[in-house]
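The following exercises concern helices, salt bridges and burial in one protein chain. Each task is followed by a solution in steps.

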Amino acid sequence: MHIGRRIKYVRKLRGLSQSELSVGVVSSTHLSNIESGKYIPSKDILVLFADKLEVDQDYLLEYEKKDQTLIDQVIELKDAVIIGDGPRVEKLLNHLESQEDEVVQGMYSELLYTLIKGAHFMKTGSHSEELTSIQLLVNLYIKEGEKLDDPVLLSFYDYYYGLYYFQHNHIQKSLKHYYRLVANTQDELEKGLFFYNISLLHKQNREYYKAIEVAKECLDVFQQKLEWDQLGETYNMIGVIHWDMNECETAMDYLLKGEKIVSMTNNEKLKSRIHHNCGLINKQLGDYEAAIYYFRKSIETKVTNGDLHNIVLPYRSLIGSLIDRGKIDEAKIVLVHARQHCQTKQDQHFLKELEAFIFEKEGRFKDFERCMNCLIQELEESEYHYKLKGLYERLGDYYYKNRKYKLAAYYMKKEIQLSSG
């Protein structure tokens, strides 16, 4: 890594063109040569650039500095992020942030620190506003296709891009990085966690047999390391994969194994998800009583533990099952409770749709039409297209069955336009 990459990074961060930065210091052609690494500037020129870029002079002058103590602390942070040790991550981040001027002085330690911070932010969904500048630095400090001979840097790079491509749905690119992480790590727990993500990627790519094969590698690792929560997560994932393959009985076997594990570890969040998945599978099998039981258990676990994140999801499943079974009065009571736990506009939209279906079941067709049209209008105004197609289709079919052909054609046309758009 040469100083030109850092100069280019800060210049772009400040929104300056090469002409704007170079004026009064060097020619724009000379600056271009510096940024491409063809020319190493003198200290005097670096001082002038530091003033124009409004950074500390040492940030440009000491770019080759490597403080091994700080580098070791950044490596420790990476290990904590990978295994998901939240308290340790927070402690290390706070410590490194208090010394950030020293951490980022050398380009090598700055790159390691930036890569693992970016990976942590992607994992937690936090500090999304910082990810743009993080990606800019990574792209400029490491050129695409550049060979990385340093094994430490390669591990940071692979972990960052494994997550980055995972979140951007570039499955094959993400797999490349995770498989390399598995090949290079000496830590068995980390290897199990990488295998878990590899299995998720194969599942996402509908390579179900490969996903199960890799997930069983996770089971071996987590059993040996006595990582019970991760073991429960893996049983849950294998269960969902078998469900995707329409192998419902095998899916239930794995989910119930996961349930036994989390009952021992008191992992209430995972228990709620497993119960919800059990409900969905039983509903597919036509066992509505079992489905309703599991949906209620999922909700009860969330409410008891104050875990309201995504709580509307099991509520939707429960209300839908009650409607399907004709238990309209129960569905209406649950709907009232669900509305008390709405966290987002999206939650409200899902529940309004269920309210419309209740009206339809009760034969309150004017209320059904009013509710559906109101919901469609809200979604169109908010440009939430994720549900509109299904609502257009449902309302179009309803009007067609009731011989309101003009209205049916209107919504069918909207459905076609949305699909073609």
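**Exercise 1. Determine how Lys191 and Glu188 are placed relative to one another in helix H13, and whether their side chains pair.**

Step 1. In this predicted model, Lys191 and Glu188 both belong to helix H13 and are three residues apart, about one turn of the helix.
Step 2. An α-helix has 3.6 residues a turn, so residues three or four places apart point the same way.
Step 3. The two side chains, Lys191 and Glu188, form a salt bridge with an N to O distance of 3.7 Å, which satisfies the cut-off of 4 Å.
Step 4. Glu188 has a relative accessibility of 36% and therefore counts as partly exposed.

**Exercise 2. Identify which parts of the chain are tied together by the salt bridges Glu289–Lys327 and Glu355–Arg339.**

Step 1. The side chains of Glu289 and Lys327 meet at 3.2 Å, N to O.
Step 2. Because Glu289 is in helix H18 (residues 288–304) and Lys327 is in the loop between H19 and H20, this pair ties together parts 38 residues apart in sequence.
Step 3. Glu289, at 43% relative accessibility, is partly exposed; Lys327, with a relative accessible area of 28%, is partly exposed.
Step 4. For Glu355 and Arg339, the closest N and O atoms are 3.0 Å apart.
Step 5. Glu355 lies in helix H21 and Arg339 in helix H20, so this salt bridge ties together parts 16 residues apart in sequence.
Step 6. Arg339 counts as partly exposed at 38% relative accessibility.
Step 7. For context, the count of salt bridges comes to 28, and Lys332, Glu362, Arg364, Asp367 and Arg370 are linked in a network of them.

**Exercise 3. Test the length of helix H21 (residues 345–361) against the expected span, then describe its surroundings.**

Step 1. The expected span is 1.5 Å times one less than the number of residues; for the 17 residues of H21 this should give 24 Å.
Step 2. The end C-alpha atoms of H21 are 25 Å apart, which agrees.
Step 3. Buried residues of H21 include Phe350, Leu351, Leu354, Phe357 and Ile358.
Step 4. Their cover includes helices H19 (312–324), H20 (328–339), H22 (365–382) and H23 (388–401).
Step 5. Just after H21, Gly363 adopts a positive phi of about 80°.

**Exercise 4. Repeat the analysis for helix H6 (residues 68–83) and examine both of its ends.**

Step 1. The 16 residues of H6 should span 22 Å, and the end C-alpha atoms are 23 Å apart, which agrees.
Step 2. At the start of H6, a side-chain oxygen of Asp67 comes to within 3.1 Å of the backbone nitrogen of Thr69.
Step 3. Following H6, Gly84 has a positive phi, near 75°.
Step 4. Among the buried residues of H6 are Leu70, Gln73, Val74 and Leu77.
Step 5. The buried residues of H6 pack against helices H7 (86–98), H8 (100–103), H9 (107–124), H11 (151–167) and H13 (188–204).
Step 6. The side chain of Gln73 makes a polar contact of 3.2 Å with that of His95, a residue of helix H7.
Step 7. His95 is partly exposed, with a relative accessible area of 34%.

**Exercise 5. Is Gln135 buried or exposed, and which residues does Gln135 touch?**

Step 1. Gln135 is part of helix H10 (residues 131–141).
Step 2. Its relative accessibility is 12%; this is under 20%, so Gln135 counts as buried.
Step 3. Leaving aside residues up to four places away in sequence, Gln135 touches Tyr160, Tyr161 and Tyr164.
Step 4. The side chains of Gln135 and Tyr160 make a polar contact at 2.4 Å.

Terms used: Residues numbered from 1 in each chain as written. Predicted model: local features only at pLDDT ≥ 70, side-chain atom pairs only at ≥ 80, totals over all residues. Heavy atoms only, no water. Helix = DSSP H or I, 4+ residues; strand = E, 2+ residues; numbered from the N terminus. Buried < 20%, exposed > 50% of the residue type's maximum accessible area, 1.4 Å probe, protein only. Polar contact = N/O pair within 3.5 Å; in protein donor to acceptor, adjacent residues only side chain to side chain. Contact = heavy atoms within 4.5 Å.
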